[in-house]
Amino acid sequence: MSQGADAAPPKRPRNAAATRDAILRSAVVAFTKHGYDGVGVREIAQSAGVTAMLVNRYFGSKEQLFAEAVDVALEPRTVLSDHPETLSRDIAARLVERTAPESEHLDPFLLMLRSAANPKAAEVLRAGIERHAGRHLSDLLEGPDADERAMLAHSLIAGFWLMRRMIGSSALVQADPDGLARRLRELLDVVVTAPAVPV
């Protein structure tokens, strides 16, 4: 009996971590599919195989759970690269690939799009975007107004994603991918290239 009691404590952190991870993964999927207002803690808990009470014990509130789900969703580099010298080209190529009709539907853009109408969720999303993709991109940009240019680039990315993937603009869907990436790269170059210093 004493050996069993000694063996129990090490299992608790592992189980707690696995449970918390399962809840968080369930939340990312649920918020991506249904948005912040379209799903409740009870549904997320059920999908994770736990009770709503346990979700609240780990995360405190739906808003905090959403904030952590946003961090998980936005942390990976979906279309951004780490190379300033090929930044526009890399973003354009990845964006065209990720918005192709056959690409995956479960992506961070859907989480943003389907949750942004809620003011609390929009605040969480803004902070998450600035903390992850915004900071990463602005750190790569040279010259003045890097934060502003980074957000302009993100606006271009989001607009393209919306029109090609969600709206399904015929012109964008049917366009030659290489030509589309080239035009998109040219637009991004305007934003990410450091402005010339007046003489």
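Which residue forms a salt bridge with E68, and how far apart are the closest N and O atoms?

1. The partner of E68 is R20, with the closest N and O atoms 2.9 Å apart. This is a predicted model, and the points below should be read as such. The salt bridge links distant parts of the chain, since E68 lies in helix α4 and R20 in helix α1 (residues 2–34), 48 residues apart.

2. The two ends of this salt bridge differ in their cover. E68 has a relative accessible area of 18%, and because buried means under 20%, E68 falls in that class. R20, at a relative accessible area of 27%, is partly exposed.

3. Helix α4 itself covers residues 62–74, which makes 13 residues. From its first C-alpha to its last α4 reaches 18 Å, close to the 18 Å expected at 1.5 Å a residue. The buried residues of α4 are L65, F66, A67, E68, A69, V70, A73 and L74. The list therefore includes the acidic partner of R20, E68, with its relative accessible area of 18%.

4. The count of salt bridges comes to five. Besides the one between E68 and R20, two more are described here.

5. In helix α7 (residues 119–140), the side chains of R126 and E130 meet in a salt bridge, at 3.3 Å from N to O. R126 and E130 are four residues apart in α7, so about one helical turn separates them. An α-helix has 3.6 residues a turn, so residues three or four places apart point the same way. Both residues are partly exposed: R126 has a relative accessible area of 43%, and E130 has one of 39%.

6. D90 and R89 form another salt bridge, the closest N and O atoms being 3.7 Å apart. D90 is buried, at a relative accessible area of 14%. R89 counts as partly exposed, at 47% relative accessibility.

7. Where on the surface does negative charge gather? D139, D145, D147 and E148 form such a patch. Of these residues, D147 is found in helix α8 (residues 146–166). D147 has 56% relative accessibility, and because exposed means over 50%, D147 counts as exposed.

8. In short, the salt bridges described here include one that links helix α4 to helix α1 and one within helix α7. The acidic residues E68 and D90 are buried, whereas D147, a member of the negative patch, is exposed.

Key:
Residues numbered from 1 in each chain as written. Predicted model: local features only at pLDDT ≥ 70, side-chain atom pairs only at ≥ 80, totals over all residues. Heavy atoms only, no water. Helix = DSSP H or I, 4+ residues; strand = E, 2+ residues; numbered from the N terminus. Expected span 1.5 Å × (residues − 1). Buried < 20%, exposed > 50% of the residue type's maximum accessible area, 1.4 Å probe, protein only. Patch = residues over 30% accessible without salt bridge, like charges linked within 9 Å, V, L, I, M, F, W, Y side chains within 5 Å. Areas by Shrake-Rupley, 256 points an atom, 1.4 Å probe, with all protein chains shown as cover. Salt bridge = Lys/Arg side-chain N within 4 Å of Asp/Glu carboxyl O. Lys, Arg positive; Asp, Glu negative; His and termini not counted. Charge placed at Lys NZ, Arg CZ, Asp CG, Glu CD.
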